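This explanation leads the reader through a structure, beginning at its surface and then turning to its cysteines. Please view the sequence and the model together while reading.

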Amino acid sequence: MAVGSPAPEKEKPARVGDPSSGVVGVGVGGGSTGRGPGPPGRRRRGAAPSTNASSRTYLLFLATCAFVVGTGHLLHLRVADPHNVHRHAAMRFEREHLGGRQREAHEEKKKKGRGRGEGQDQGQFGGQDGGRVRGQAKGRFAKPRGGGGDAVPRWEERPLLHDLAGLSCSDHGGPEDDVATEEMVYWKDVPSDATFASPIGRGGTRKYLTFEPDGYRGESCAAVCRGLRPANRIRLTLRTPHLFPTGGGFNNARMSMETIVVMAHAMGRTLVLPPSQGIYLLRKDRDKQRVHFSFEDFYHMEQIGYEHEGLDIIHMKDFLKLEAMTGNLRNKTTGKVSFPPGNRTDWDGMDPKPLKEWLRDVTLTPLDWDPQMCLAAFPSDDGHEHFRELEGMLTQIKAKFPSWSEYKDKPTAVDAPPLDRMREAVSSGFKKLCVYNQTMQEAPVVHFMCYHKMRVRMLTHFYAFLFFEDWRQDLWSKRFVRDHLRYTDEIQCAAARVVAAVRRLARNRDPSGNPNGEFDSFHIRRGDFQYKNTRLEADQIYENSRDEIPENTTVFVATDHQGRPFFKPLAAHYNLVFLNDFKLELKGVNSNFYGMIDQLV
């Protein structure tokens with residue numbers, strides 16, 4: 001500024017609405033911030049809008065965002081969260097099945113249980129001269145280690161959730177109970193079986209058996225690798241094996257589960273059910289329905305524990321709360337108390353890999369129990385000397401090892417002496433016994449892995465792997481699986497509806513010649529079966545069956561093959577029907593259950 005020049009005038013605060021100021025009326029006092037003078041049209045960062053029409057729009061926007069976020073969170077927790085889906089399904093199942101006729105039956109059984117008294121000694125295998133009172137044996141376990149929690153409630157206190165002897169479909173969309181029973185029921189309710197407990201592991205602190213299901217976890221590469229080149233598919237499966245299944249399909253999982261359940265009873269251990277998770281090939285329509293399952297979605301697992309004196313079944317969540325979170329589990333290497341990853345107890349719907357790895361570190365994991373190499377043998381009495389007696393039997397047998405061909409069409413009697421029955425059992429190639437030795441018996445938790453890289457997998461039929469010195473216990477195990485490890489009422493009733501519909505079609509096609517609506521069935525597996533030489537073409541299937549199935553017979557085809565043209569050679573001779581033809585009967589049923597329904601039909 002030149003010397004002597006007049007001083008410039010002070011700028012006057014711009015007025016809102018003054019055209020000469022260049023400031024739009026957005027606040028009180030000069031600038032756009034509403035906090036006094038400032039450059040025209042600029043807003044200070046972080047300044048709150050004023051309470052005019054623009055600010056009301058902003059507040060409405062914030063309220064809308066909060067509503068959308070809150071509603072989404074609520075829907076996730078109450079509807080879509082897999083942790084709650086199972087809880088709501090169980091509550092609905094219990095509510096439906098504790099009404100009317102079944103409630104009366106349950107109350108009647110409670111009265112009978114109390115009337116028999118608590119101190120009756122009825123022997124070992126049930127009946128009038130065998131077994132304990134149902135309500136009594138559930139108290140045979142002491143409290144969990146560490147003193148926390150109560151023992152398992154007694155049988156009389158448990159709800160009766162399904163009919164043991166029959167099948168009621170009134171709560172599952174039909175059909176009529178007599179139709180459902182006639183078509184589906186192959187099981188029986190043998191009351192004396194519920195009172196039998198294994199002679200091993202009685203009393204003392206509760207001990208557990210945990211396991212990794214065969215076929216659970218991960219997705220097929222077809223689902224995960226979609227759009228990848230073959231080389232990239234291979235690279236993905238090698239680098240991320242945890243994304244893919246650790247076993248086979250559901251039938252393999254079922255076989256393994258049956259073996260594990262019978263072993264838990266034989267060892268006198270509480271069975272711990274794995275959390276719900278993905279199952280190989282059971283991931284259909286994941287955006288529309290549940291795709292995480294536990295065995296309780298397919299079987300009445302918890303009710304099985306209610307029904308039997310010698311078997312307790314709990315969920316992984318309860319096991320972790322009772323034993324892990326109370327500091328009762330220690331790392332095998334360091335000896336230090338170990339807690340589940342992230343102190344999490346509810347693993348339903350979560351990636352089970354961290355839980356599996358942790359369980360392997362804090363439990364006894366018998367890697368030498370290989371169903372392809374050894375026979376799991378259980379004595380008729382507790383005590384280590386009785387296990388040694390079984391090994392002595394095998395030593396006698398090895399002196400002249402039998403061949404399986406010796407027993408072709410000449411099976412050993414079910415009540416034959418133990419030595420004769422063991423000789424037949426090992427004839428398939430077993431060279432040693434899987435012994436439930438002292439180390440295993442003393443372990444608080446025994447854990448059975450499923451891991452292909454280590455060739456550790458409990459893939460076997462229970463009746464081929466387990467040997468019982470007492471022939472009566474052997475027969476009990478077979479009745480137990482037949483009568484109680486069956487599909488849930490929901491699956492059974494859906495299959496009964498389909499069978500009834502197929503019978504109607506067959507009857508309508510030939511009312512006079514087929515008044516009972518009889519039909520035949522094919523199981524044609526082609527999709528994921530690794531044995532290519534078993535994939536017969538349709539015309540060859542017809543040639544193999546033409547002498548057994550008359551022309552124009554109604555035939556139900558259970559198959560994983562999607563294309564109908566493949567079946568044209570069969571359709572030229574038979575009236576073919578498929579499960580997808582009965583969508584009305586399957587309305588509301590999870591499509592991941594279709595394989596089980598196919599099997600039952």
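On the surface of this predicted model, Tyr-58, Leu-59, Phe-61 and Leu-62 make a nonpolar patch of about 420 Å². One of these residues, Phe-61, belongs to helix H1, which comprises residues 53–80. Phe-61 has a relative accessibility of 51% and therefore counts as exposed, since the term applies to values over 50%.

Attention now turns to the cysteines. A disulfide is a covalent bond between the sulfur atoms of two cysteines. How many disulfides does the count come to? The count is two disulfides.

One of the disulfides is formed by Cys-169 and Cys-493, whose sulfur atoms are 2.0 Å apart. The link of Cys-169 and Cys-493 is left-handed, with -90° about the S-S bond. Cys-169 is found in the loop between helix H4 (134–137) and helix H5 (177–184), while Cys-493 is in helix H17 (residues 489–509), so the pair ties together parts that are 324 residues apart in sequence. Both Cys-169 and Cys-493 are buried.

A disulfide also joins Cys-374 to Cys-434, with an S to S distance of 1.7 Å. Because Cys-374 lies in strand E4 (residues 374–378) and Cys-434 in strand E5 (residues 432–435), this pair ties together parts that are 60 residues apart in sequence. Cys-374 is buried, as is Cys-434.

Two further cysteines may be considered by their accessibility. Cys-65 counts as partly exposed because its relative accessibility is 34%, whereas Cys-450, at 2% relative accessibility, counts as buried.

Notes. Residues are numbered from 1 along each chain as its sequence is written. This is a predicted model: local features need pLDDT of at least 70, side-chain atom pairs count only at pLDDT 80 or more; totals for chains, interfaces and linings use all residues. Side-chain values use heavy atoms; hydrogens and water are left out. Patches are made of residues with over 30% relative accessible area and no salt bridge: like charges are joined within 9 Å, nonpolar side chains (Val, Leu, Ile, Met, Phe, Trp, Tyr) within 5 Å. Accessible areas come from the Shrake-Rupley method with a 1.4 Å probe; for residues, only the protein chains shown count as cover. A salt bridge is a side-chain nitrogen of Lys or Arg within 4 Å of a carboxyl oxygen of Asp or Glu. Helices (H or I, at least four residues) and strands (E, at least two) are DSSP runs, numbered from the N terminus. Buried means under 20% relative accessible area, exposed over 50%, partly exposed in between (1.4 Å probe, protein chains only). A disulfide is a pair of cysteine sulfur atoms within 2.5 Å.
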